[in-house]
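Have a look at the fold below before reading on. The tour starts at one pair of residues and works outwards from there.

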Amino acid sequence: MTIPNSAFSIDEVALDWARQHFSFSQHKMISEYPWGRIFELEGSSEKMHLKLIPFNPPQAIDNHAILFHHFQSTLPEAIAIDKEIGVQLFRHHEGIGFGYTASEAQKAKLLITYAKMQAKATEIPEILSSIPELQQNDIVNDFLEFLKPGTEDMMKRDKSLKADFFLGFEESAEYYDVFLARRELLDDFLNKAALLPPTLNHCDLYAENVLETDDGALIIDDWDKALIGPAGLSLAAFFGGCFKITQFLNPNFCPTQDEKFAQEKRLFNLYADELDRQGYGRLEILQKALPASACAGAIQTLLNYAHFPIKDDFYVFDVNEFFVRRLDDLLNLCDSLSCAKRSNIVHFAADYEEKNILFRAASLYRRYLQIHSNDFELHKRLASMLHRCGKRQEAIDRFQYIIEQDYGDADVFNDFGVTLLETSQPTDAIVNFELALSIDPDYQQARTNLNKATELVVMADEACHPNKVPTVLISSEERNQELFSAEKANAAYALFNQYGALVLESVFDVEMLQAINRLIFDKYAGYFEPKEYDAAFYSGDGHPRVVPNIEGPINEPNLYDNPFVSAIARRVLGDDYILGALNFEAYLPGAECQPIHQNYPPLFNGDDDFSANTSFALALLIPLVQDPPMRGSTKIIKESHKLPYFEALKLPGQTPSLDLGSALIVDYRTVLQNFSFSGDTVRPLLSLVFHRPWFRDCLNYRDEPSIQFDDALFYTAPERLKELIAWTKSESGSPIKLELVTP
């Protein structure tokens, strides 16, 4: 009989085959999984189950026939089989399946029945010689080879799959490297399973594979993956992992309110006791060997996926999740084994740190310190690791514990200070940096950190002054690295969130701004007259606003995606913020001051935290010429963004003076006023508006565009600029293009 190519196109072939052995009028599929399907066939007086396992080796069918001969009361009866197409016809047993909601009593009954079968199987040569045997000596090598990413074409059916088919190349490589470093640990642990004699193992022992008949007998189905090996190979499947089995026997692990764990521990003990009672092995040996055997079974379950029916890739995502759970469970087991020796803890934590798996390094230290709480050197390493993992409050608690035990040294005080600094506690950080320097005056890193913390404290203190706008100075070192330190970015965000405005000193390259200024005077000087222009470029009170084309020095990443501005915008607006407007406003000689106003009224009315703290847009104001020494070009009212408009007007205003290269960021709700001065110089002020992707400024931009660019720009622009302005594209997919009107 020819087997069709499609995975389950043999359904009709199998049903036709079943009709040769059983006359049925109706059929329905009652189970579907990657390796097979099960149909229920209904005849005139009884029912049958038709099981299709076309991708399993013929041995899977032989397993059932051999086992049924010796355990007829515990296995379903096979009426007919055909190994060529991989089908079996079973007599239906009336009864109730355990399913996912099996009680503790039902699971206990299953484990007792199963333990009796295993004890009996050790005395049946046919079972021991006919069922496939676990290759325990090679299992760690096979496991590592399975994890090691392959270079062959994994989509070819004649080749075994590797883990990278389900995990992807990078994730599989990461697991391979981690387990390779723990190879000896696994080998030593798995050797303990050899203390038990070989016997029958189900290897797919779930409660869903069991039903109870009316007379109380249990029927255990699905022996396709049965293996000969030490008892316990099925425990990882039964309990959902092998790590917890080691915890059942760990006297130092006592979860107080975990009823599920307590239930599973009772079931494990019952299983071990029954094996002892049946003469399979002494209890003390079982307690040593069963966890190792469960580990071997967990590894073998993963290795079985080398023969996964890949044409049915609908299941691959589920397999990926299963793999991650089981591999992480095996790593938890390895971590638990590491805790036996301090040297292992230090070695494997360092390995995790080298591989940047910091949370596992921290977990190793935690496990060890639960027992050895007086090891302050490891407390110190854990505190630093927690800080690096982003668990800063836990790190602070750990540092405080170390210091309370009079173990504080220069490194502890410095690292504690860094953690406090990154949690916006610079004043407390200064105390710890000074303590570090009192112990070691030459501790350069502590001195550098002290300077950082002092700068942040000064920033916060000056921001409180009623006549000053919060200010952040961008140092030459930061500008060269194009990066804010995390603590400085957090401090800048906190100031902006509190006051609704922030000056960034020396944030832009002066030569770039001078080039933009020249471009504006060369191309747009015709608009510098106090009169009305085209709707796209209108004048009001001597402040014409022009939307220039994004070109030349305006088309500079350091302008529209400045790293320091972006660090604040991401914190205020989210990572997906967009560029909503780009224009300049020309302050003409003798022009009147604009009325005091908000760029946009609040969108959310209310006294709750959401209404007060949710910014939807911010404006970046960049002078293109040097402000007068005594006054700036924009007046703002600090903290007005969280107040009703008329209440905000009662507060004092602040007028920062900006050097060329500096900029002012204001929340769109902040009350402000732009004004000009006497003189004969036109003073352009460049403005970029960033906002959340769902917001549109329909108040300030009605008939004219807020951004202007040529078609060619969009298609040749860097990806970041495309991300920022893609919203301006029309429904047809072409960028909005507006021709400039010559005055």
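In strand E8, the residue bridged to Gly 97 is Leu 211. That pair belongs to a ladder of three bridges joining strand E6 (residues 95-97) to strand E8 (residues 210-213), and the two strands run antiparallel. Strands pair here if DSSP finds at least two bridges between them. Helices (H or I, at least four residues) and strands (E, at least two) are DSSP runs, numbered from the N terminus.

Before going further, keep in mind that this is a predicted model, where local features need pLDDT of at least 70 and side-chain atom pairs count only at pLDDT 80 or more, while totals for chains, interfaces and linings use all residues. Residues are numbered from 1 along each chain as its sequence is written, and side-chain values use heavy atoms, with hydrogens and water left out.

**Strands and turns**

E8 also pairs with E9, again in the antiparallel sense and over three bridges. Here Glu 212 has Leu 218 in E9 as its bridge partner. E8 and E9 make a hairpin with four residues between them, and Gly 216 in the turn has a positive phi of about 90 degrees.

Further along the chain, an open sheet of three strands has the order E15-E19-E17, with antiparallel pairing. Its edge strands are E15 (597-598) and E17 (634-636), each of which pairs on one side only. Two bridges tie E15 to strand E19 (residues 671-674), and Gln 598 sits opposite Val 671 in E19.

Which residues other than glycine have a positive phi? Asp 222 has one near 65 degrees, and Glu 639 has one of about 70 degrees. Asp 222 belongs to the loop between strand E9 (218-220) and strand E10 (227-230), while Glu 639 lies in the loop between E17 and helix H27 (645-648). For burial, the cut-offs are under 20% relative accessible area for buried, over 50% for exposed and partly exposed in between (1.4 Å probe, protein chains only). The table puts four residues side by side.

| Residue | Relative accessible area | Class |
|---|---|---|
| Leu 382 | 0% | buried |
| Arg 182 | 0% | buried |
| Asp 222 | 13% | buried |
| Glu 639 | 36% | partly exposed |

**Two buried residues and their contacts**

Where does Arg 182 sit? Arg 182 is in the loop between helix H7 (169-181) and H8. Contact means heavy atoms within 4.5 Å. Leaving aside neighbours within four places in sequence, Arg 182 is in contact with Leu 331, Cys 334, Asp 335, Phe 348, Asp 351 and Tyr 352.

Leu 382 has its place in helix H16 (residues 376-389). Not counting residues up to four places away in sequence, Leu 382 touches Ala 362, Tyr 365, Arg 366, Leu 369 and Arg 398. Take Arg 398: it is 16 residues from Leu 382 in sequence, and their C-alpha atoms are 7.9 Å apart in space.

**The cores**

A nonpolar core is a set of buried Ala, Val, Leu, Ile, Met, Phe, Trp, Tyr and Cys residues joined through side-chain atoms within 4.5 Å. The largest one has 197 residues, and those touching the most other members are Ile 127, Phe 179, Leu 290, Phe 323, Phe 508 and Leu 688. H12 gives the most to this core, with eleven residues. Apart from it lies another core, of 20 residues, including Ala 501, Ile 636, Leu 672 and Phe 695. In soluble globular proteins, nonpolar side chains tend to be buried together.

Back in the largest core, Ile 127 touches Ile 66, Leu 67, His 70, Phe 71, Ala 121, Leu 200 and Ile 228, not counting residues up to four places away in sequence.

**The whole chain**

How many helices and strands does the protein chain have? There are 29 helices and 20 strands. Of the 743 residues in the protein chain, 52% are buried. Among the contacts in the chain with a separation of 6 or more, 73% are between residues 24 or more positions apart.
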